[in-house]
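Reader: I'm new to reading protein models, and I'd like a close look at one thing: how a pair of helices can pack against each other. Please start there, and then show me what else is worth looking at around the chain.

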Amino acid sequence: MAIIEFPKDIRWGAATAAYQIEGAATKDGRGLSIWDTFSKTPGKVLNGDNGDIACDSYHRYEEDIELMKELGIDIYRFSVSWPRIFPTGTGEVNQSGLQYYHDFVDALLANGIEPMCTLYHWDLPQALQDKGGWENRETVDAFAEYSDLMFKEFDGKIKKWITINEPWCVSFLSNFIGIHAPGYQNLQLATTISHHLLLAHGKAVTKFRESGLTGEIGYAPNLEWNEPYSNKQEDIDACNRGMGWFIEWFFDPVFKGSYPQFMLDWFEKKGVTLSIQDGDMAFIHQPIDFVGINYYTGSVVRYKENHELFDNEKVDIGYEKTDFDWNIYPEGFYKALSKLKDQYGQIPIYITENGACYNDGVENGRVKDQRRIDYLKQHLTSLSRAIDSGVNIKGYLTWSLLDNFEWAEGYDKRFGIIHVDFNTLERTKKDSYYWYKQTIKNGWFDM
Ligand code: NCW
């Protein structure tokens, strides 16, 4: 048995996102988002589920905060629903929406929990989608306006801001692979959007700096680690292209001021061009205070001509899988963090999401999710190795506090350390909740 111990100053937390937990879809003047539209389009979400009620956290946040308090977390990461603030994306502010987040943030603070606020976790106001969504540069400016309002409104209350959650998902998963809202399958569109998202991030950071407010700001890309199937150069190159889609494409512009040439060349080969306007890169390439990393999985990849986007294919070499069918690959977590350090230096990092989908249910009042505990132990062991090797880790937030609306998978996939019965909305602490509570209290666990 080994003891895995963490530095005393590491901050522990848990994360959620507005559309996945809030419900109250028509309450207090909330406007529609693209996820309302998408989830109500037949065939888009498993079982026809939608976020109308979700965990009903909009009404039950006091109970949720009690659960957080007992858990002992330092930080709670949540997202703001843009259409609650600007029901049509821009223009008139919905004061009731703002008031809800004031009440909520005040309650967190009163309980000694620091809020970490994500400004965009995928619920774009439908009114902006109707004008082209993220393809339209006006959406970028609308995001900057919305961010600016939030910074000023919550000055002194919220000191940790995340601009965009998982820009890869917002661009490529949603507009090229097409399984998330708005559901297009167009590589040029998705690539344009990826640039606009980075620009939106940059413009929000500019607003934050101009406002002179206290606090820290960053963004939260998701990383999927890839291992080459063999040491043949073609496999290594295919693997690097696959990974470059997650890492270099979304990190180089922010930290180096340019897009990676090997990826630009590849996109050009696919007939895709990037239209960068004067001044864009200056917005994107400016100092941020931390980067949020979302890590879940890794895959083995090999070269296959004319296959998928990068002439590569995933090979199943028998890794264990979660109930989402995602490979469990904790080594990739360590390797991804090491790669970030090697390529971009010792930027302060919060792990803004890490966790696993296991669908264990309640039996006699208990949820025995030992597999989630094992997953968390393995990934926290990798994190500890990364810290020991000099990666600048500030905090770790698990995904997710609660089982919730898992986007295209509806309520079928459960990531929570707290079980939610979606009929009664009753919360039940899982075994992993108790394990995490003990780990936070001790600052170590037995492996
Ligand atoms: S779907 C997804 N997730 C989960 C979600 O609940 C959360 O909101 C996200 O930040 C857990 O963490 C993120 N990520 C998308 C991964 C895409 C995998 C599908 C690839 C299919 C080609």
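Author: Let's get one term sorted before we look. A helix axis here is a line fitted to C-alpha atoms over the stretch in contact, and the angle between two axes runs from 0 to 180 degrees between their N-to-C directions. Keep in mind too that this is a predicted model.

Now find helix α11, residues 248-255, and helix α14, residues 330-344. Their axes lie 12 Å apart and make an angle of about 30°. If you look at how α11 and α14 cross, the crossing is right-handed. Next, zoom in on the side that each helix turns to its partner. From α11 come Glu248, Phe251, Asp252 and Phe255, and they meet Lys339, Leu340, Gln343 and Tyr344 of α14. It's a mixed bunch: the contact of α11 with α14 has 4 nonpolar residues, 3 charged ones and 1 polar one.

Okay, zoom out. That pair belongs to a chain with 16 helices and 14 strands. The radius of gyration is 21 Å, close to the 22 Å that the globule rule gives for 447 residues, so the chain is as compact as a globular protein of that length. Along its principal axes, the C-alpha trace spans about 60 × 55 × 45 Å.

What about the spaces in there? The largest pocket holds about 1,200 Å³ of space. It has 45 lining residues, and nearest its centre you'll find Trp168, Leu173, Glu224, Lys314 and Trp326. Helices α8 (167-177) and α10 (233-246) each supply at least two residues of that lining, as do the strands β7 (222-228), β8 (290-303) and β9 (312-315). By class, the pocket lining divides into 21 nonpolar, 13 polar and 11 charged residues.

There are closed spaces as well: a search of the whole structure turns up 2 cavities of 30 Å³ or more. The largest cavity contains about 90 Å³ of space. It is lined by 13 residues, with Ile21, Tyr76, Phe78, Tyr100 and Phe104 closest to its centre. Two or more lining residues come from each of α1 (18-21), α3 (57-71), β3 (75-79) and α5 (95-110), and α3 gives the most, with 4. The lining of this cavity has 9 nonpolar, 2 polar and 2 charged residues.

The second largest cavity has about 40 Å³ of space. Around it sit Ala18, Tyr19, Glu22, Gly23, Arg30, Gly51, Ser81, Arg84 and Asp123. Here the lining is made of 4 charged, 3 polar and 2 nonpolar residues.

Last stop: the backbone. Most peptide bonds are trans, and most residues other than glycine have a negative phi. With that in mind, here are some spots to check. The bond from Ala181 to Pro182 is cis, with omega near 10°, and Pro182 sits in the loop between α8 and α9 (187-211). That's the α8 you just met in the pocket lining. The bond from Trp399 to Ser400 is cis too, with omega near 15°. Ser400 belongs to the loop between β11 (393-399) and β12 (418-420). Then there's Trp122, which isn't a glycine but has a positive phi of about 85°. You'll find Trp122 in the loop between β4 (114-120) and α6 (126-129).

Terms used. Residues numbered from 1 in each chain as written. Predicted model: local features only at pLDDT ≥ 70, side-chain atom pairs only at ≥ 80, totals over all residues. Heavy atoms only, no water. 1 Å grid on protein atoms, 1.4 Å probe; cavity = no way out; pocket = protein on both sides within 12 Å on 5 of 7 lines; lining within 4 Å. Points joined across faces, edges and corners; volume = space filled by probe spheres on them. Nonpolar A, V, L, I, M, F, W, Y, C, P; charged D, E, K, R; others polar. Left-handed = near helix turned anticlockwise from the far one by under 90°. Contact = heavy atoms within 4.5 Å. Rg over C-alpha atoms; globule rule 2.2 N^0.38 Å.
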